[in-house]
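Please open the model in your viewer and keep the sequence panel beside it. The tour below moves from one selection to the next and says what to look for at each stop.

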Amino acid sequence: MAETVLSRNTSPIHLFVTGILLLPAYLFMPVLPIRIIQVACFAVLARVAGKRLKWTYFLLMVASITFFHTLNPFGEVLLEVGPYAVTRGALRDGLFRGLTIVGLVFISLFTVRPELRLPGRLGGLVGRAFYYYERI
């Protein structure tokens, strides 16, 4: 990974703590437009951290999660194609969950770096797991 301004000026533990502090504000946000803005901001932060993002992968992930949520319709029917009905509730819920997963991936890309060292035996285990996750 190339050195970025962020990696030169911020310690890995500070980025990790930042990610942990971002999680409650992200996970407990019930408003879809704000969730979209959050995901976009996390994508920008991941890019600033020097990570390459494969946009088609993330768009496909959100689309597939949304599609599978529409198979369980609830709420106002927006579109019917034969027996398949797209409903407002299922569409919103699917988008929300898909964006949640993608946002969590972006947070981890932004906050977890290979040189992160957590104290203690458990910290060493978690650090190795993050290292292998980064390598994949």
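Select helix α2 (residues 12–27) together with α5, and you will find that α2 passes α5 in a right-handed crossing, where a crossing is called right-handed if the near helix is turned clockwise from the far one by less than a right angle, and left-handed if anticlockwise. The axes of α2 and α5 come within 8 Å and cross at roughly 165°; axes here are lines fitted to C-alpha atoms, for helices over the stretch in contact, and angles run from 0 to 180 degrees between N-to-C directions. The two helices are therefore roughly antiparallel to each other, given that angles over 145 degrees count as roughly antiparallel, under 35 as roughly parallel, 65 to 115 as roughly perpendicular and the rest as oblique.

Before going on, note that this is a predicted model, in which local features need pLDDT of at least 70 and side-chain atom pairs count only at pLDDT 80 or more, while totals for chains, interfaces and linings use all residues. Residues are numbered from 1 along each chain as its sequence is written, and side-chain values use heavy atoms, with hydrogens and water left out.

Keep α5 (residues 88–111) on display and add helix α3 (residues 32–48): these two pack at an angle of about 25°, with their axes 9 Å apart. That angle makes α3 roughly parallel to α5, and the crossing of α3 and α5 is left-handed.

Next, zoom out to the whole chain, which has six helices and two strands; helices (H or I, at least four residues) and strands (E, at least two) are DSSP runs, numbered from the N terminus. Read along the sequence, the elements follow the pattern α-α-α-α-β-β-α-α. If you colour by accessibility, 36% of the 136 residues count as buried, where buried means under 20% relative accessible area, exposed over 50%, and partly exposed in between (1.4 Å probe, protein chains only).

Now go to the loop between α2 and α3, where Pro30 is found; at 53% relative accessibility, Pro30 counts as exposed. Pro30 and Phe96 are 66 residues apart in sequence, yet their C-alpha atoms are 8.6 Å apart in space. Stay with Phe96 and show side chains: the charged end of Arg92 sits over the ring of Phe96, 5.1 Å from its centre, a contact that requires NZ of Lys or CZ of Arg within 6 Å of the ring centre and within 35 degrees of the ring normal. A second selection of this kind is Arg35 with Tyr26, where Arg35 lies over the face of the ring at 4.3 Å from its centre.

Which strands should be selected next, and how do they run? They are β1 (residues 77–81) and β2 (residues 84–87), which run antiparallel and are joined by four bridges, two strands being paired if DSSP finds at least two bridges between them. The strands form a hairpin with two residues between them, and Gly82 in the turn has a positive phi of about 60°. Within the hairpin, the bridge partner of Glu80 is Ala85, and Leu79 stands opposite Val86. Val86 is buried, with a relative accessible area of 12%, and from C-alpha to C-alpha it is 7.8 Å from Leu71, which is 15 residues away in sequence.

Finally, show the aromatic rings; a search of the whole structure finds six aromatic pairs, where rings of Phe, Tyr and Trp (its six-membered ring) pair if their centres lie within 6.5 Å, with planes under 30 degrees apart counted as stacked, over 60 as edge-to-face and the rest as tilted. The rings of Tyr57 and Phe58 have their centres 5.1 Å apart and their planes at 75°, so the pair is edge-to-face. Is each of its members buried or partly exposed? Tyr57 is partly exposed at 49% relative accessible area, whereas Phe58 is buried at 7%.

Phe67 and Tyr84 form a tilted pair, 6.1 Å centre to centre with 35° between the planes. Phe67 lies in helix α4 (residues 55–70) and Tyr84 in strand β2, so this pair ties together parts that are 17 residues apart in sequence. Phe67 is partly exposed at 41%, as is Tyr84 at 26%. For the last selection, take Trp55, Tyr57, Phe58 and Phe106, which ring pairs link into a cluster.
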